[in-house]
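Biologist: I would like a close look at one part of this structure, and then a walk through the parts around it. Please keep the wording plain.

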Amino acid sequence: MRIIKRIAIVGSTGLVGRTVLKVLEEKNFPNCSYTLFSSQKSAGQKVKFLGQNYIICELKENSFDSGFDYAIFCAGGNVSKKFIPIAVKNGCTVIDNSSIFRMDENVPLVVPEVNPEDIASNNGIIANPNCSTIQAVLPLKPIYDNYGIKRIVYSTYQAVSGAGRYGIEVLESGPENKPLKKFPYPIYNNCIPQIDEFTQDGYTKEEHKMINETRKILHDSNLKITATTVRVPVKNCHSESINIELKNNFDIYDIKILLQNFPGIILVDDTEKKHYPLPTKVDGNDEVFVGRVRRDYSIENGLNIWVVADNLRKGAATNAVQILGKILES
């Protein structure tokens, strides 16, 4: 007898939620049934999913009374904070895309290619890392394991889709004066060195997320990391320049082989042919693309890499679905 797993998708009409549905269609996990939830505003809408018309249900406090096995939350921190404890209390294991539980010591923060073993330590909640962190830790993991890392310097170039559907609308409106709900300045023809709010030390919350989440995923609370995160006028796909100081000497060829063989990474690194990762080429892919792999001669054992990934897919939806897939396999 086949056991049907009941799965809830919360926030199914947003950018990430719709991408989750697309990835789930591609994965097509067997023996699963789905219920799609949203706020009252979107409830009642019909969505084509897995060849059927699904009616979006309004998320309520009793929505999990019927007994879901798993849920993916993509509706933001306030919704996660209120409804995830209710879901867990009703026996549901939740994969949360918000930042609410990421730094909770009792909640694993998981990138399946990097630390899948942490999934087993969940107490009903598994946190999906920040989009910019996810794509960074894939190339960092094999370097960390084989050479050790002393210090990381992140410089990010993050697409407007990271701010949701409204971020895309603002960019596509061109130089028109749209209400600045998401960005402190116009993003058209501009770069804004601020993502999220500033903290007292001059860093933004986004920068602190990258620093703290990287340490947690790599299980190294003493790892030295700094970050500058920048919003750029690109529709989709985040790009990152990552400068790494290794603990041990390395051969650049060996680094490239490590990256090329690591699951989830595609190495695009041929400077003679001008081949390197570009957002326009990476858009729609689940892998993390790495290029411009070269020594940093300003320090001993220094390394530079350029990393690009689809922030809606691998940076959010795909990573969450991959976690679900690991759970279903176990």
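Biologist: Which residue in strand 2 stands opposite Ile-9?

Modeller: This is a predicted model. In strand 2, Leu-36 stands opposite Ile-9. The two strands concerned are strand 1, residues 5–10, and strand 2, residues 32–38; they run parallel and are joined by six bridges. Between them the chain passes through helix 1, residues 15–27, and this β-α-β crossover from strand 1 to strand 2 is right-handed.

Ile-9 also has a bridge partner in strand 6, namely Ile-72. Strand 6 covers residues 70–73 and pairs with strand 1 over four bridges, in the parallel sense. As background, strands of a sheet pair through backbone hydrogen bonds, and the pairing is either parallel or antiparallel.

Another sheet shows both kinds of pairing. Six strands form this open sheet in the order 10-9-11-14-13-12, and the pairing is mixed. Strand 10 (224–231) and strand 12 (265–267) each have a single partner strand, so they stand at the edges and one side of each is left without a neighbour in the sheet. On average, neighbouring strands here are turned by 25° against each other, with direction ignored.

Within this sheet, strand 11 (residues 238–246) and strand 14 (residues 302–309) are an antiparallel pair with eight bridges. One of the residues involved is Ile-244, whose bridge partner in strand 14 is Leu-303. A helix lies against the sheet as well: helix 5, residues 205–218, packs on it and touches strand 9 (149–158), strand 10 and strand 11. The direction of helix 5 makes about 140° with that of strand 10.

Helices also pack on each other. Two packed helices are described by the angle between their axes and the distance between the axes. For helix 3 (residues 131–147) and helix 6 (residues 252–261), the axes come within 9 Å and cross at roughly 125°. That angle is why helix 3 is called oblique to helix 6. The crossing of helix 3 past helix 6 is right-handed. On the helix 3 side, the residues that meet helix 6 are Pro-139, Pro-142, Ile-143, Asn-146 and Tyr-147. Their counterparts in helix 6 are Asp-254, Ile-255, Leu-258 and Leu-259. Sorted by class, this contact has seven nonpolar residues, one polar and one charged.

To return to the starting point, Ile-9 stands opposite Leu-36 in strand 2 and has Ile-72 as its bridge partner in strand 6.

Note on methods: Residues are numbered from 1 along each chain as its sequence is written. This is a predicted model: local features need pLDDT of at least 70, side-chain atom pairs count only at pLDDT 80 or more; totals for chains, interfaces and linings use all residues. Side-chain values use heavy atoms; hydrogens and water are left out. Two strands pair if DSSP finds at least two bridges between them. A crossover is right-handed if, with the strands pointing away from the viewer, the path from the first strand over the helix to the second runs clockwise. Axes are lines fitted to C-alpha atoms, for helices over the stretch in contact, and angles run from 0 to 180 degrees between N-to-C directions. Angles under 35 degrees count as roughly parallel, over 145 as roughly antiparallel, 65 to 115 as roughly perpendicular and the rest as oblique. A crossing is left-handed if the near helix is turned anticlockwise from the far one by less than a right angle, and right-handed if clockwise. Contact means heavy atoms within 4.5 Å. Ala, Val, Leu, Ile, Met, Phe, Trp, Tyr, Cys and Pro count as nonpolar, Asp, Glu, Lys and Arg as charged, and the others, Gly among them, as polar.
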